[in-house]
Amino acid sequence: MLEQETPSPEAPLDGAARLDAVNQQLAEAYPELSPQLKLAAGYVLEHPVEIAFQSIRKSAAAAEVTASTLMRLAKRLGFESYEQFREVFQSAVQAGPVELSGRASQLRSLASQTDDQVFLDVGDAAFDNIGRLFTADHQSRVREAARLLLGAGKVAVVGFRDTFACAYHFAYVGRIAMPNIHLVRGLEGGLLTELAHFGEGDVVVAFGFEPYCAETIRALEITRGAGVSAIVVTDTMRSPLVPGASITFNLANATPHFFPSILSAITLIEVLLAECVAFGPDDLVDNVARFESRMRKMGAYVDIE
């Protein structure tokens, strides 16, 4: 039952941690909820700011449910009242996303003499997606994820099809400082073989946006069964990648493009790996220096005269 698994509203956690706990429980329970509670839970997961500051009637109308359905959802999570439930969201979203809309507006002004609206819309979406990444909530989660990675025996990185670029970038750049990072390719039916080496004390980093890849979900099932902790980077707390994850990053990826944007995911990778090097042992910096020296000796780089 959710009431037994969910931390009490009075638990001594900060706002972000309390909201994470609520979101995690909603994500775990989502497949088994009634249709009306699914509508309510989906709205709560996707609109934390609105839940924090809208009245229950306005939120219910936006979610296309009744106010009593939202109250039932709050009580299902162990809260005595909807106000206690909403307070969790209010304390967690005090620091909103960095406002980059002004830069996007400048972009619009500079190109106002053109009629290439697609170019401008992609720019708007890119600024907004990255802005939504840099919040106090995500900052604390990045620090937590970095600690988990630094304490891992081995790190598996998983991402297929459109998110393979994310997985490859994380593994390639990350291995320069942390040689225990391994890219899982799953080629020629080798997914099980590649994942067989990971167990308790290890971490898997998984990337997946809608449409979600069956291979990624399978990889998480396998590693979860082996006791591997998961860091999931996805686009909604309703994602099938979320259940069982130790840490979840819910990233904005809207774009006029025909496929989900991976820009915020790539930016998160850069932030996360930078955090690891900044707060990790000196060995990580030494590894980077040795890698660069080795590459230069091998003639991998071309210097500009």
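**Close-up 1. Helices α10 and α14 where they cross in this predicted model.** Helix α10 spans residues 136-150, and its axis comes within 9 Å of that of α14. The two axes cross at roughly 60 degrees, so α10 and α14 are oblique to each other. The handedness of this crossing is right-handed.

**Close-up 2. The residues that bring α10 and α14 into contact.** On the α10 side, look for Val142, Arg143, Ala145, Ala146, Leu149 and Leu150. Facing them from α14 are Leu268, Val271, Leu272, Glu275, Cys276 and Phe279. Sorted by class, the contact of α10 with α14 holds ten nonpolar residues and two charged ones, with no polar residues.

**Close-up 3. Asparagine 253 in the loop ahead of α14.** Here we follow the chain between β5 (247-250) and α14 (263-279), where asparagine 253 is found in the loop. Its relative accessible area is 14%, which is under 20%, so asparagine 253 counts as buried. Leaving aside residues up to four places away in sequence, asparagine 253 touches Asn129, Phe209, Asp235, Pro260 and Ser261.

**Close-up 4. Leucine 77 in the loop between α6 and α7.** Helix α6 covers 67-76 and helix α7 covers 82-92, with leucine 77 in the loop that lies between them. With a relative accessible area of 1%, leucine 77 is buried. To find a partner for this view, pick out valine 22: leucine 77 and valine 22 are 55 residues apart in sequence, and their C-alpha atoms are 7.5 Å apart in space.

Methods: Residues are numbered from 1 along each chain as its sequence is written. This is a predicted model: local features need pLDDT of at least 70, side-chain atom pairs count only at pLDDT 80 or more; totals for chains, interfaces and linings use all residues. Side-chain values use heavy atoms; hydrogens and water are left out. Helices (H or I, at least four residues) and strands (E, at least two) are DSSP runs, numbered from the N terminus. Buried means under 20% relative accessible area, exposed over 50%, partly exposed in between (1.4 Å probe, protein chains only). Contact means heavy atoms within 4.5 Å. Axes are lines fitted to C-alpha atoms, for helices over the stretch in contact, and angles run from 0 to 180 degrees between N-to-C directions. Angles under 35 degrees count as roughly parallel, over 145 as roughly antiparallel, 65 to 115 as roughly perpendicular and the rest as oblique. A crossing is left-handed if the near helix is turned anticlockwise from the far one by less than a right angle, and right-handed if clockwise. Ala, Val, Leu, Ile, Met, Phe, Trp, Tyr, Cys and Pro count as nonpolar, Asp, Glu, Lys and Arg as charged, and the others, Gly among them, as polar.
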